[in-house]
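Here is a short tour of one part of a protein model. Look at the sequence and the structure first, then read on.

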Amino acid sequence: MAKKTEILLETGTNELEILEFHIDEQTPAGPVPCHFGVNVAKVMQVIESPRLAHPESATHASFLGVIPLRDHILPVIDLAVWLGLDKAAHDQEVVIVTEFSQAVTGFLVSGVTEIHRVGWPEVIPPSKALGRVDTASIVGLVERGGRFIQLLDLEYILADLDPACSTQAWSTSAHAETRYSALVADDSATIRAMLQNNLEAAGFEVLMANNGSEAMDKLQEVKNAAHDSGKPVTDYLDVLISDIEMPLMDGFTLTKSVKNDPVLKTLPVILYSSIITDELRHKGESVGADAQVAKPDLDQMARTAITLISGAGFAGS
């Protein structure tokens, strides 16, 4: 499989590419494939299974050990074990090697199917899923060829395996000299709450949106208020802070819509995601994002926003 940097997808089209894979669950009637998907932007490559055995000293039953992979020592997770699926024996298993949130991890699965281009409006909320897998680990479902593909939240899985890697209650020493306002868009209630605490501790007034579409509705209200008063948009809102991966409308599309709007375009936009790397930073730049923050650095969000709003410049995160 090609590396993620070789897969081209125009930014700001409200689409993503997902790698579909399957875990064959053993049932009384025989193996039955369960279909899952992950964002291609998080996938480095797919390799043959190294046939690792679960070490007795492992802290979690799904941990299979580590293998060398170029410049990395790759931890390998048996995804079926973490998901609680009774995987059928398979001679041709593969490991999906992922890179996100500054971590490289391998996930053992039964096999890879294909890559799909998906519009975010096609993603069905996980609350509508009728499956055995915990919906907390599912971003949403996509229907293809009469089957449902469950999109996995890999960050949630890694945080469960290693709580030290999870998002902490971010404290901040930053504080705005004047009271700024921020609109935060994220489909994760946990991330929204943590960002709200981080920003409010720095003196921000915070508005929340569950996804890009809802954020755009709130921005339209701000735009209307600015139009009616004859004042600039930044008199009503100082910064938009958005996750990239969201259902209905993603952060790239939201940013592109803001920057293409003759009234809203002056509003500073900060994008954040686990997929922001030096290789993929150009995607946010192409839609006009004023700053980009990798998810491991979200504790710096208030400081980044204050620096951007005050016009002191931004060197990147």
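## A parallel sheet and its helices

Strands β13 (residues 239–243) and β14 (residues 269–273) run parallel and are joined by four bridges. This is a predicted model. One partnership links Asp-243 to Tyr-272 of β14.

These two strands belong to an open sheet of five strands. Its order is β12-β11-β13-β14-β15, and the pairing is parallel. At the edges lie β12 (205–209) and β15 (291–294), each of which pairs on one side only. On average, neighbouring strands of the sheet are turned by 20° against each other, direction ignored. Strands of a sheet pair through backbone hydrogen bonds.

Two helices lie across strands of this sheet. The table gives their placement.

| Helix | Lies across | Angle |
|---|---|---|
| α3 (residues 189–201) | β11 (181–185), β12, β13 and β14 | about 165° to β12 |
| α7 (residues 301–309) | β13, β14 and β15 | about 155° to β14 |

Take α3 in detail. The helix has 13 residues. From first C-alpha to last it reaches 18 Å, close to the 18 Å expected at 1.5 Å a residue.

Which residues of α3 are buried? They are Ile-191, Arg-192, Met-194, Leu-195, Asn-198 and Leu-199. What covers them includes the strands β11, β12, β13 and β14, and also the helix α7.

Just after α3 comes Gly-203, with a positive phi of about 100°.

Definitions and conventions
Residues numbered from 1 in each chain as written. Predicted model: local features only at pLDDT ≥ 70, side-chain atom pairs only at ≥ 80, totals over all residues. Heavy atoms only, no water. Pairing = 2+ DSSP bridges. Axes fitted to C-alpha atoms, helices over the stretch in contact; angles between N-to-C directions. Contact = heavy atoms within 4.5 Å. Expected span 1.5 Å × (residues − 1). Buried < 20%, exposed > 50% of the residue type's maximum accessible area, 1.4 Å probe, protein only.
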